[in-house]
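Trainee: I should like to take a close look at a single part of this model and its surroundings.

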Amino acid sequence: MHTHQRFFRILLNCFTAVLFGGFVLLSTAQAEVASKSRLSPSPGGQSGALQRVLEKGTLRVGIALFTPWTFKNKDGELVGFEIDVARQLAKDLGVKPEFHPFKWEDIIPALLKGEIDIIAAGIVITPQRALRVNFSQPYDSSGIGLVTNIPLTKAFDGPEDLNRSEVIISAVTGSVGEDLAHRVFPEATIKTFSSSEEAIEAVTGGKVHGYIEHEPITTFIALDHPQTVDEPLSKPLLETKEAFAVRKGDPDFVHFLNAWIISHNADTWLSSVHKYWFEGIEWRKDVATNP
């Protein structure tokens, strides 16, 4: 009897040792898997941008020059709403911002090629763009307005007269304004430019009848050129929502950006910065060339 009890105790101790060893090995394996999953990209090879930003200590930000979103002041320094936003975002990440300017039509391809980590350029959320990039929640909103050349349109009875084949409406290539121009004025000739500066020069110089662009650019153009440019509409043609854009396959980055937006909406930082750049005019004295 004692021999059988001793045997079973030995067997039980062996079983306990094996079971404990198994738990140790399982825990070690789970820890290794968890560690690797934090550093490894998700399927598709496009993820991990947030991790790379934190590791390198630099946030590569894609921008496009559109006043007051992003422009150069009299000292040649980049300033504007998006510059303030990107700098605060980088500060909260504990990294340094690195700004990369692009023509508007080149900014999404640059993101897809990995030349930048994020787009912060007043990029409007659209279904077509969402097929190519992942958007955060919107952190700003604005409208698309219209300005017209007074000498070229003085005989027009109203904006509906712009919808004629002999009328030229301008917009920036690849912008929401270009798409809106085709929808609102389908009979007109739509001419696009690679930058807002070129489009502004065209409408103020009488080369085109009208220009569709984000507010408050249209308002500033009318204020700066009261003899040649007018805002014929009392409200924007379209209200838009702007967000950050990142490459697909990186949900951690999107989740962080959404949390950042919620936080800075709650503490009113975003609304304060928006008010300064879009409702105030004090900053315009530092602009190298007024929009």
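Which residues of helix α4 are buried, and what covers them?

Mentor: The model is a predicted one, and the description below should be read accordingly. Helix α4 spans residues 104-112, and its buried residues are Trp104, Ile107, Ile108, Ala110 and Leu111. Viewed down the axis of α4, these buried residues fall within an arc of 155 degrees, so they line one face of the helix. The cover over that set of residues includes strands β1, β5 (118-119), β8 (168-172) and β13 (245-246), together with helix α5 (127-130). Just after α4 comes glycine 114, which takes a positive phi of about 80 degrees.

Trp104 also leads to another feature, as this buried residue of α4 is among those that line the largest cavity. The count of cavities of 30 Å³ or more comes to 1, and the largest cavity holds about 100 Å³ of space. Besides Trp104, its lining comprises Phe66, Trp69, Ala121, Gly122, Val124, Arg129, Ser175, Val176, Glu213 and His214. By character, the lining residues divide into 6 nonpolar, 3 polar and 2 charged.

Strand β1, part of the cover of α4, also borders the loop that holds threonine 70; this loop runs between β1 (58-63) and β2 (71-72). Threonine 70 has a relative accessible area of 0%, and it is therefore classed as buried, the cut-off being under 20%. Leaving aside residues up to four places away in sequence, threonine 70 touches Ile63, Ala64, Leu65, Leu78, Val79, Glu82 and Ile83.

Terms used:
Residues numbered from 1 in each chain as written. Predicted model: local features only at pLDDT ≥ 70, side-chain atom pairs only at ≥ 80, totals over all residues. Heavy atoms only, no water. Helix = DSSP H or I, 4+ residues; strand = E, 2+ residues; numbered from the N terminus. Buried < 20%, exposed > 50% of the residue type's maximum accessible area, 1.4 Å probe, protein only. Contact = heavy atoms within 4.5 Å. Arc of directions from axis to C-beta. 1 Å grid on protein atoms, 1.4 Å probe; cavity = no way out; pocket = protein on both sides within 12 Å on 5 of 7 lines; lining within 4 Å. Points joined across faces, edges and corners; volume = space filled by probe spheres on them. Nonpolar A, V, L, I, M, F, W, Y, C, P; charged D, E, K, R; others polar.
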